[in-house]
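Student: I'd like a close look at one single part of this model rather than a quick tour of everything. Could you pick a spot and build the picture outward from there?

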Amino acid sequence: MSFTRSVVLGCGSALPDRVLTNADLAVMVDTSHEWILQRTGISERRIAAPDETTCDLGLRAAQRALVDAGLAPQDIDLIILATATPDNTFPATAVSIQERLGINTGMAFDLQAVCSGFVYALTTADAYLRNGLAQRALVIGAETFSRILDWEDRTTCVLFGDGAGAVVLEAQEGTGAVSDRGLLASKLRSDGRHKEKLFVDGGPSSTQTVGHLRMQGREVFKHAVAMITDVIEAVFEQSGMTAEDIDWFVPHQANKRIIDASARKLGIADEKVVSTVDRHGNTSAASIPLALDVAVKDGRIKRGDLVLLEAMGGGFTWGAVLLRW
Ligand code: UT7
């Protein structure tokens, strides 16, 4: 029996040049380097230049992922961009990336699941590839959260940053066993009863403004570890794998305390955890592909390694993906 797997061929990422440190923020709002570092693990984040958009960052990450995969733009017939900060209300920023890559065949669309966007987009691309709707996909997470932050609100503006990451997936024949390369299991969830805990107070149909991010941080924190570990246990059950089998845990980078508590609860050893929150802050849908790219390029993640991804964010949405690199 034939069994199609979505195999990662390459990855790439892009960060804006401007670094905003905790010390810089302490001049802007009533905060301190010590508070931010101790409560979140963040030391600095990147901020897009005034004329630099989500499309620019996503395009750069996509180009680097294509080079890494050894493919030309024309080899791609599906682009999914996970973002909550598109350039325009429409058209989809994915279509602008497609155009700037010089592709005018296949399909491109944006996917909105906020911080869970990348695991949602990977799972969606996997469904397209396994069903023969596309052959090779670019899955991108790109954000310019600096544009939707209230820079006078110290409870949120210290947490987020801008950036992008991308992977190239190809439909390949596997055996159906967990030794196959590619996506092995995924689980996505959402629950709109938590909307008020993390949302943006604007939008085209409601206020006709872009709005600002609002978060009840402590409330989100309270739910995060339970939701993350629950969905990871679901992918373990689906795949028959356990925490011991994992080579690398690449979580959404929101808060080091959440990452550490989740890893501890799941029994994943510290040295298997990839953490970039100290330098990137929370880049929403870009955080996982950014962290993946760092760990691949510095030689930690190697072909054949078992990699566990998870994210949780506004909605709430949450999800996990298990893949063999
Ligand atoms: O990616 C989407 C998912 N998002 C998340 O996962 C975020 C989840 N939440 C968190 O990461 C944490 O809740 C925060 C980092 C946002 C906050 O950490 P916390 O330990 O939950 O702090 P807290 O909200 O309970 O605030 C503690 C104190 C408060 O003062 P009082 O009421 O104790 O006097 C805050 O007003 O810290 C104060 N505070 C600050 N102090 C200095 C809040 N923000 C700041 C700040 N600098 N930037």
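Tutor: Happy to! The helices I'll name are DSSP runs of H or I with at least four residues, numbered from the N terminus. In that scheme, T123 sits in helix α5, and T123 will be our starting point. Please keep in mind that this is a predicted model.

T123 counts as buried because its relative accessible area is 15%, and the cut-off for that label is under 20%. Leaving aside residues up to four places away in sequence, T123 touches S186, L188 and V321. With S186 there is also a polar contact between the two side chains, at 3.4 Å.

Those neighbours lead us to a β-sheet. It is an open sheet of 4 strands, ordered β8-β13-β12-β11, and its pairing is mixed. Strands β8 (182–190) and β11 (248–251) form the edges, each pairing on one side only. From one strand to the next, the twist averages 10 degrees. Strand β8 runs antiparallel to β13 (residues 317–324), and 8 bridges join the two. One example of this pairing is R189, whose bridge partner in β13 is W318.

Two other helices pack on this sheet. Helix α7 (residues 217–239) touches β8, β11, β12 (306–313) and β13, and its direction makes about 140 degrees with that of β8. Helix α10 (residues 287–297) touches β11 and β12, with an angle of about 150 degrees between its direction and that of β12.

Now for some backbone details. Most residues other than glycine have a negative phi, and most peptide bonds are trans. In the loop between β12 and β13 we find F316, and the bond leading into it from G315 is cis, with omega near -5 degrees. A second cis bond runs from F90 to P91, with omega near 0 degrees; P91 belongs to the loop between β4 (78–82) and α4 (93–100).

Positive phi values are worth a look too. In the loop between β5 (107–111) and α5 (117–130) lies V114, a residue other than glycine whose phi is near 50 degrees. So the loop that leads to our starting helix α5 is the one that holds V114. S284 is not a glycine either, yet its phi is positive, at about 55 degrees. S284 is located in the loop between α9 (277–280) and α10, and at 1% relative accessibility it counts as buried.

Finally, let's step back to the whole chain. It comes to 10 helices and 13 strands. The radius of gyration is 18 Å, close to the 20 Å that the globule rule gives for 325 residues, so the chain is as compact as a globular protein of that length. Along its principal axes the C-alpha trace spans about 60 × 45 × 40 Å. T123 and S284 belong to the buried residues, which make up 56% of the 325 in the chain. Among contacts with a separation of 6 or more, 76% come from residues 24 or more positions apart. The accessible surface is about 13,400 Å², and carbon and sulfur atoms account for 50% of it.

Definitions and conventions. Residues are numbered from 1 along each chain as its sequence is written. This is a predicted model: local features need pLDDT of at least 70, side-chain atom pairs count only at pLDDT 80 or more; totals for chains, interfaces and linings use all residues. Side-chain values use heavy atoms; hydrogens and water are left out. Two strands pair if DSSP finds at least two bridges between them. Axes are lines fitted to C-alpha atoms, for helices over the stretch in contact, and angles run from 0 to 180 degrees between N-to-C directions. Contact means heavy atoms within 4.5 Å. Buried means under 20% relative accessible area, exposed over 50%, partly exposed in between (1.4 Å probe, protein chains only). The radius of gyration is taken over C-alpha atoms; the globule rule is 2.2 Å times the number of residues to the power 0.38. Accessible areas come from the Shrake-Rupley method with a 1.4 Å probe; for residues, only the protein chains shown count as cover. A polar contact is a pair of N or O atoms within 3.5 Å; within protein, one must be able to donate a hydrogen and the other to accept it, and residues adjacent in sequence count only if both atoms are side-chain atoms.
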